[in-house]
Amino acid sequence: MEGAALSAPGDKYVEIHMTDLQPSPLVGAGAGGDPGAKTFHCGTLTYTKLGLVGLFAWLLWGGFCFTLMESVEPRVLPLKLKSLGCSNWLMALIMTSAPGVLNMTICPYISFKSDRYRSKWGRRIPFIASTMPFLCLCLVLIGWGDEFSVLLQRHSQFAQQFAPATVTIALISFFVVMFAFFNMFVGSVFYYLFNDVVPPQFLGRFFGYFRIVGNAAGAIFNYFIFRYAESHMREIFTGAAILYFVGFTLMCLMVKEGKYPPITEEKAKQNKGFSGIRTFFKESFGDSFYWLMFLANSTTAIGGCIGTFMVFFNKDMGLSLDQMGKLGAIGMVVSIVAVYFFAVFIDRWHPLRITVYLSIFSTIGALMGWVWIFVSLPGNVFFWLSLSGVLTAAFQTGLSNAGSMPLLMRVFPQSRFGQFCSARALIQSLCVIVFSILAGLYIDVVRYFCHGSDFAYRWIFAWTTVCMLAYTGFSILVYVKWYQLGGDAHFHPPASWNENKHEEIPIVTTVGPQTRWLKIAMWVFDGIMALSALGIPCLMVWMKHEGLMRAFWWHGWLLLPLSLGIWAYWGLIRKSILRDMARVRANEPLRNGIPHHGVILVMGIKYLVVQLVWIGQVVVTVNMKLESSAIVFTLASLIVDVMLVGAIHLLCRIERGYSTTLDANLAEAAP
């Protein structure tokens with residue numbers, strides 16, 4: 001990678017040019033063996049097929065240990081802090097704001113220092129290996145916070161002035177900050193290592209496998225370990241530290257980095273001190289396209305700030321830790337299957353298009369959570385409904401997980417990929433620092449109005465809905481800007497450091513809207529609307545049989561006519577799409593644009609299954625004589641229906657003036 005960096009005197013720097021990274025024969029991991037065997041290159045590294053398998057195995061093993069280690073702290077620690085009487089705002093400060101400060105300040109520096117650092121062990125691995133012992137020690141200390149608190153109060157008169165819980169919270173907070181500091185060295189460079197050692201033609205498949213392994217690690221933790229979070233905290237943290245230390249040490253020993261040419265003295269001076277900082281900010285934040293990307297990412301992070309309290313929402317809904325762990329594990333396993341299935345479509349449909357389309361449908365998912373403000377069910381019933389939600393969400397999660405990293409590789413400049421990733425993290429961390437505290441205060445305020453009840457945690461979905469709306473807005477703006485910069489056929493990242501103001505990147509041909517699959521997607525939406533409208537009369541029969549006449553009349557006089565109206569609304573949007581498809585074939589101007597079939601088809605299948613879940617929800621509540629809950633579930637289902645149709649309508653408008661072809665490869669079809 002070439003360009004400016006945050007730097008410090010005395011560091012070892014080189015300038016990396018893509019043209020300089022020419023492969024040399026039989027250099028790097030996996031080299032050797034039969035001279036006639038097929039080899040694969042990444043810079044100066046050369047791999048045989050067997051060497052490539054070994055590389056993948058060690059990197060994926062490292063990813064497994066890394067994911068398992070990172071699953072422990074955010075899942076287990078909130079329970080410990082809650083048991084100590086920690087307030088919600090302080091919990092948010094400890095869990096997200098403090099690490100966010102480090103991510104905002106340390107991450108950019110580490111990222112660019114590693115880009116320019118040279119040693120016989122490489123430029124990434126030294127940062128991982130040198131900080132790993134301290135990271136693991138901090139992880140152990142978090143788990144043994146109670147014991148160290150007792151020891152401190154026994155030998156310190158100052159500590160004896162405070163309550164034991166206060167001292168324990170203070171100690172754990174310190175250990176968490178130190179853990180976050182050392183973990184920043186790993187998190188800042190681990191993903192860059194892939195770009196340095198994995199041959200480019202295998203990056204997509206590798207990230208698919210990486211997501212699968214990460215989900216497997218999360219599933220193991222959730223299913224087998226999380227149930228013991230409150231009773232065996234010490235053992236969980238200690239075990240995670242040992243596994244991480246052993247696993248990552250092996251990875252660092254077995255994965256070899258390549259060699260890079262030295263930087264010129266002139267370039268080195270430009271990248272040092274305040275000149276490097278100035279260039280970093282000028283290049284990273286000098287174009288509106290990148291600002292929109294950073295803001296879209298930050299709004300999702302803001303929405304995630306409230307996630308610390310989801311465990312308490314689930315407990316309020318009657319779930320045990322064992323049930324929560326099983327739900328998380330099942331979700332991870334199903335997501336593994338979804339990622340494996342959808343990974344092949346990421347490049348075909350373009351990861352940016354997938355991300356923007358999913359952002360619109362994700363808002364609908366956030367709104368679905370509002371139903372629990374008005375409905376309370378026994379814990380075992382809520383568990384099975386949650387399980388159905390986990391299974392249906394796998395469609396969306398699979399696409400999202402498979403496309404997140406390829407998206408960055410397709411829109412950020414290759415020569416400054418680390419720089420722009422760290423700039424993205426900087427803005428995200430700044431938002432997390434502020435809004436994580438606000439999220440805790442938000443929960444505390446809601447708890448006040450709920451008279452201290454844990455019912456307040458049900459209002460989490462109000463926070464996520466607002467954030468998802470903002471995320472959708474920024475994502476749409478990114479998508480429109482991307483089209484204006486060339487879209488599928490001609491997009492090259494803006495680059496103020498080049499004379500032509502953009503950086504050339506390979507154009508990957510994508511598949512445009514396909515007539516056959518678009519029609520199938522519309523048939524799936526026909527099924528959603530039909531099932532909604534025709535299912536209500538059938539449910540009304542059951543309500544009358546059970547004597548729930550209030551629910552019966554609500555469904556007959558309001559909800560059934562509403563469902564028919566939504567069906568008619570869908571019919572208008574459907575006809576509009578079909579007419580534009582006919583205009584394309586007749587070479588006539590379009591009224592709107594042609595939405596891409598991919599995500600629409602996937603989401604259609606998801607929400608067709610959700611309709612079956614809705615029927616199950618109503619049947620259960622009718623059997624339990626919960627008339628109000630039956631009404632709320634049907635009303636929520638109809639709100640989802642109208643938003644689904646509105647999402648398709650919005651996508652047609654977004655594609656207006658850009659999506660004008662059918663049954664073509666977009667890069668080849670462009671003028």
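Helices here are DSSP runs of H or I with at least four residues, and strands are runs of E with at least two, numbered from the N terminus. With that in hand, we can place Val-618 in helix 20. Before going further, keep in mind that this is a predicted model, where local features need pLDDT of at least 70, side-chain atom pairs count only at pLDDT 80 or more, and totals for chains, interfaces and linings use all residues. Residues are numbered from 1 along each chain as its sequence is written, and side-chain values use heavy atoms, with hydrogens and water left out.

Let's stay with Val-618 for a moment. Is this residue buried or exposed? Its relative accessibility is 0%, so Val-618 counts as buried. (Buried means under 20% relative accessible area, exposed means over 50%, and partly exposed lies in between, using a 1.4 Å probe and protein chains only.) Which residues does Val-618 touch? Not counting residues up to four places away in sequence, Val-618 touches Leu-539, Met-543, Ala-630, Phe-633 and Thr-634, where contact means heavy atoms within 4.5 Å. You can also try a ruler exercise: Gly-318 is 300 residues from Val-618 along the chain, and their C-alpha atoms are separated by 20 Å.

Now look at Ser-637, which sits in helix 21, residues 627-654. Ser-637 has a relative accessibility of 10%, so this serine is buried. Leaving aside neighbours within four places in sequence, Ser-637 is in contact with Gln-611 and Trp-614.

Between helix 20 and helix 21 there is a loop, and Lys-625 lies in it. This lysine has a positive phi of about 65°, although it is not a glycine. Why point that out? Because most residues other than glycine have a negative phi. Lys-625 is partly exposed, with a relative accessible area of 46%. It also forms a salt bridge with Glu-546, the closest N and O atoms being 2.8 Å apart. (A salt bridge is a side-chain nitrogen of Lys or Arg within 4 Å of a carboxyl oxygen of Asp or Glu.) This pair links distant parts of the chain, since Glu-546 belongs to helix 18 (residues 515-546) and the two residues are 79 residues apart.

Helix 18 is worth following to its partner, helix 19 (residues 549-585). How do the two axes meet? They come within 9 Å and cross at roughly 170°, with axes being lines fitted to C-alpha atoms, for helices over the stretch in contact, and angles running from 0 to 180 degrees between N-to-C directions. That angle makes helix 18 roughly antiparallel to helix 19. (Angles under 35 degrees count as roughly parallel, over 145 as roughly antiparallel, 65 to 115 as roughly perpendicular, and the rest as oblique.) The residues of this contact divide into 23 nonpolar, five polar and five charged. Here Ala, Val, Leu, Ile, Met, Phe, Trp, Tyr, Cys and Pro count as nonpolar, Asp, Glu, Lys and Arg as charged, and the others, Gly among them, as polar.

How many salt bridges does the whole structure hold? A search finds 11. One of them joins Glu-230 to Lys-315, with the closest N and O atoms 3.5 Å apart. Glu-230 is in the loop between helix 6 (203-225) and helix 7 (233-254) and Lys-315 is in helix 11 (residues 310-316), so this pair, 85 residues apart, links distant parts of the chain. Glu-230 is partly exposed at 49% relative accessible area, and Lys-315 is partly exposed at 38%.

Another salt bridge stays within one helix. The side chains of Lys-326 and Asp-322 meet at 3.3 Å, N to O, and both residues lie in helix 12 (residues 321-349), four residues apart, about one turn of the helix. Lys-326 is partly exposed, with a relative accessible area of 26%, and Asp-322 is partly exposed at 25%. Together with Arg-227, these two are linked in a network of salt bridges.

In the loop between helix 12 and helix 13 (351-368) you will find His-350. Its phi is near 75°, a positive value in a residue other than glycine. His-350 is buried, with a relative accessible area of 4%.

Finally, turn to the interior. The largest nonpolar core has 202 residues, and those with the most contacts inside it are Leu-59, Phe-248, Trp-372 and Phe-412. (A nonpolar core is a set of buried Ala, Val, Leu, Ile, Met, Phe, Trp, Tyr and Cys residues joined through side-chain atoms within 4.5 Å.) Helix 5 gives the most to this core, with 18 residues. Helix 5 spans residues 164-197 and also holds Asn-183, which is buried at 11% relative accessibility.
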